[in-house]
Amino acid sequence: MVTSQVRLLQALAPVALAAAALSTSGAAMAQSREQFMSENDPRALAGVHPPCRGKVNQVLDTVYEGVKTTAWNFAAVGGGGESTRFDKTPVLSTKVNLQAGCLNAHFSAMVGSRQTYPWVSALTMFQVTLTPSTGGAPMHMAGHYETPYGIYGPAIAESAEYDVDMIASNFYQGIGTGPGLVPPGTYRVDVWWAGGPIGGGGAIGADFVLKLYMY
């Protein structure tokens, strides 16, 4: 176990250097507030997400069971996802053809801790979005915290205690016309990720699973 961890860290040395560079920029760009969420943040407003109800008529699964790493840090902009604060390359991506109704997504993954992988952030952040196949900006699904650290960048997060921990979250999006809904059509569903901004660093994870229910 120890030998395999040493080999993994040796293989990730270039990534660690990149993460260190992002850590420097992240320290300069991070907000003064160091809490992921705050009761007193006027920007931490819930989005418009009408409730969904119905019977499942289609299920779509996609998975990557191996190990992935990123040197991207949430403090940097110009990346992927809504708010561009995530790695430009999603950890999972698939296409769906959505009819009027609802899309429900369940995402899970193993994330590594800073204690075992010292070049990563203490927090791993994820975002699940829909992007129209005809073009346009990614749109986060219901189920994210809108303003982590006082920054608009909808996300969920996990802080592994030792070696790895499992994150699992649910999201949904109403399909139709009206506030908080997206029109029917073909979309790309992406899962984005980054290291948390406090202290800098990237992220390491494995066993990424995205399960989509359409109804």
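I started with strand E4, which is joined to strand E8 (residues 185-195) by nine bridges, the two running antiparallel. Note to self: this is a predicted model. For a landmark on the E8 side, I found Thr131 standing opposite Arg188.

**More on E4**

Next I looked for other partners of E4. Strand E6 (residues 156-158) is antiparallel to E4 too, with three bridges between them. There I picked out Thr124, which stands opposite Glu158.

Then I checked E5 (residues 139-140), which pairs with E4 in the antiparallel sense over two bridges. Thr129 has His140 of E5 as its bridge partner. What joins these two strands is a hairpin with six residues between them, and in it Gly135 takes a positive phi near 110 degrees.

Is E4 enclosed or open to the outside? Eight of its nine residues are buried, so the rest of the structure largely encloses this strand.

**Aromatic pairs**

I searched the whole structure for aromatic pairs and got six. One of them is Phe74 with Phe86, an edge-to-face pair at 5.7 Å centre to centre with 70 degrees between the planes. Both residues sit in the loop between strand E1 (58-70) and strand E2 (92-98), so the pair ties together parts that are 12 residues apart in sequence. I looked up accessibility for each ring: Phe74 is buried at a relative accessible area of 0%, and Phe86 also comes out buried, at 0%.

I moved on to Phe107 and Phe126. How does this pair sit, given ring centres 5.0 Å apart? The planes are at 55 degrees, so I logged the pair as tilted. It links distant parts of the chain, with Phe107 in strand E3 (residues 101-112) and Phe126 in strand E4 (residues 124-132), 19 residues apart. That brought me back to E4 by another route. Phe107 and Phe126 are both buried.

Which residues share an aromatic cluster with Phe107 and Phe126? I found Trp193 and Phe208 there, the four forming one cluster. Trp193 falls within the residue range of E8 (185-195), the strand I began with.

**Charges over rings**

Last, I looked for charged ends over aromatic rings. The charged end of Arg85 sits over the ring of Phe74, 5.6 Å from the ring centre. So Phe74 goes down twice in my notes: once for this contact and once for the edge-to-face pair with Phe86. I also noted Lys68, whose charged end sits over the ring of Tyr64 at 4.5 Å from its centre.

Notes
Residues numbered from 1 in each chain as written. Predicted model: local features only at pLDDT ≥ 70, side-chain atom pairs only at ≥ 80, totals over all residues. Heavy atoms only, no water. Phe/Tyr/Trp six-rings, centres within 6.5 Å; stacked < 30°, edge-to-face > 60°. Helix = DSSP H or I, 4+ residues; strand = E, 2+ residues; numbered from the N terminus. Buried < 20%, exposed > 50% of the residue type's maximum accessible area, 1.4 Å probe, protein only. Lys NZ or Arg CZ within 6 Å of the ring centre and 35° of its normal. Pairing = 2+ DSSP bridges.
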